[in-house]
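User: I am new to this structure and would like a close look at one part of it. Please begin with the charged pairs, and then show me the surroundings in which they are placed.

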Amino acid sequence: IPKNVRQIGTDNGKLRIYIEDYAYSFIKDISVDEDDDGVVGILMGDVQESDGIKYIFIKGVVEVTNAAVFTDNIAFTSETWPITKKYINAYFGDYDIMGWYLCSSKINDKNMDIINKADRENFSDKNNVFFMVDTASGDEAFFAKGKKGLTPVSGYTVYFEKNTDMQRYMKEMQSDYDEKYKAQNSEEKPQQEKTKSGGQYRNLTNDNKGD
């Protein structure tokens with residue numbers, strides 16, 4: 001169990017969710033364009049069990065760039081998984097898919113029927129979890145699978161380590177965005193343009209809390 005941690009909420013009985021800070025910061029820093037309904041991504045990590053307690057470790061995330069996210073539907077298309085798995089294999093080949101995340105100001109816990117439908121269709125493993133961030137309010141919550149769909153958990157833990165895989169993914173994602181941004185017409189709202197992946201990540205060189 002990591003020692004350098006920050007607890008959010010209270011422990012959730014027989015299920016404990018740990019998310020590494022670089023992965024957590026990546027999700028929390030996502031900025032959703034006002035014309036978009038939301039951004040989704042994949043949670044990568046592993047599961048361990050000890051003394052009857054299940055530990056879910058989220059060690060990396062991969063943003064899904066070609067899923068269809070609307071206020072009435074979240075669809076992982078036939079093109080989603082080949083591209084997404086290419087990124088997973090390139091950066092997080094040693095990890096398993098542990099679920100998914102959604103960042104949105106328009107879809108929240110009042111739209112659980114839409115979220116549950118997407119979860120059932122794409123994430124069938126009983127250990128898969130779901131992380132939701134309301135980009136307008138900043139509210140966040142983890143959900144685990146229950147008998148009637150996704151159920152919110154009472155708390156989770158952010159832990160800190162070097163996590164070079166996630167650092168590499170974040171740096172290269174930002175580099176790709178910078179190149180695309182420079183190629184855009186500078187007259188098209190240059191001050192308002194933001195990457196869906198947020199832009200200002202936790203300092204990757206001077207704030208390695210896990211070193």
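Analyst: A residue is called buried when its relative accessible area is under 20%, exposed when that value is over 50%, and partly exposed in between. The model is a predicted one, and the wording above is needed for Lys-59, which at 17% relative accessibility counts as buried because it falls under that 20% limit. Its partner is Asp-46, with which Lys-59 forms a salt bridge whose closest N and O atoms are 2.9 Å apart. Lys-59 belongs to strand β4 (residues 53–64) and Asp-46 to strand β3 (residues 39–50), so this pair ties together parts that are 13 residues apart in sequence. Asp-46 is buried as well, with a relative accessible area of 19%.

Between these strands, β3 and β4, there is a loop that holds Asp-51. At 75% relative accessibility, Asp-51 counts as exposed, and its phi is positive, at about 55°, although Asp-51 is not a glycine.

In total, the model has six salt bridges. Another of them joins Lys-145 to Asp-119, with the closest N and O atoms 2.4 Å apart. This pair links distant parts of the chain, since Lys-145 lies in strand β9 (residues 140–146) and Asp-119 in helix α3 (residues 112–122), 26 residues apart. What is the burial state of the two partners in this pair? Lys-145 is partly exposed, with a relative accessible area of 30%, whereas Asp-119, at 3%, is buried. Leaving aside residues up to four places away in sequence, Asp-119 touches Trp-100 and Leu-150 in addition to Lys-145. A further salt bridge is formed by Arg-16 and Asp-11, whose closest N and O atoms are 3.8 Å apart; here Asp-11 is partly exposed, with a relative accessible area of 43%.

Trp-100, which Asp-119 touches, leads on to the nonpolar interior. In soluble globular proteins, nonpolar side chains tend to be buried together. The largest nonpolar core of this model has 57 residues, and the members that touch the most other members are Ile-74, Phe-76, Trp-100, Leu-102 and Ile-115. If residues up to four places away in sequence are not counted, the contacts of Ile-74 include Trp-100, Leu-102 and Ile-115, and among the others are Val-40, Ala-68 and Ile-107. A second, separate core has five residues, including Tyr-18, Ile-53, Tyr-55 and Tyr-159.

Ile-115 also appears among the contacts of Asn-108, which, leaving aside neighbours within four places in sequence, is in contact with Ile-115 and Met-132. Asn-108 is found in the loop between β7 (96–104) and α3, and at 22% relative accessibility it counts as partly exposed. The C-alpha atoms of Asn-108 and Thr-135 are 9.9 Å apart, while the two residues are 27 residues apart along the chain.

Helix α2 (residues 80–91) shows how burial can be arranged around a single element. This helix has twelve residues and reaches 17 Å from its first C-alpha to its last, close to the 16 Å expected at 1.5 Å a residue. Its buried residues are Thr-80, Trp-81, Thr-84, Ile-88 and Tyr-91, and they cover an arc of only 110° around the axis, which puts them on the same side of α2. An α-helix has 3.6 residues a turn, so residues three or four places apart point the same way. The face of α2 turned away from the buried side carries the exposed residues Pro-82, Lys-86 and Asn-89.

Asn-163 can be set beside Asp-51, because Asn-163 is buried, with a relative accessible area of 6%, whereas Asp-51 is exposed. Asn-163 has a positive phi of about 50° although it is not a glycine, and it is found in the loop between β11 (155–159) and α4 (164–183).

These details belong to a protein chain with four helices and eleven strands. Of its 211 residues, 48% count as buried. Among contacts between residues at least 6 apart in sequence, 74% join residues at least 24 apart. The chain exposes about 11300 Å², of which carbon and sulfur atoms supply 43%.

Notes:
Residues are numbered from 1 along each chain as its sequence is written. This is a predicted model: local features need pLDDT of at least 70, side-chain atom pairs count only at pLDDT 80 or more; totals for chains, interfaces and linings use all residues. Side-chain values use heavy atoms; hydrogens and water are left out. A salt bridge is a side-chain nitrogen of Lys or Arg within 4 Å of a carboxyl oxygen of Asp or Glu. Buried means under 20% relative accessible area, exposed over 50%, partly exposed in between (1.4 Å probe, protein chains only). Helices (H or I, at least four residues) and strands (E, at least two) are DSSP runs, numbered from the N terminus. A nonpolar core is a set of buried Ala, Val, Leu, Ile, Met, Phe, Trp, Tyr and Cys residues joined through side-chain atoms within 4.5 Å. Contact means heavy atoms within 4.5 Å. Accessible areas come from the Shrake-Rupley method with a 1.4 Å probe; for residues, only the protein chains shown count as cover. The expected span of a helix is 1.5 Å times one less than its number of residues. The arc is that of the directions from the helix axis to the C-beta atoms.
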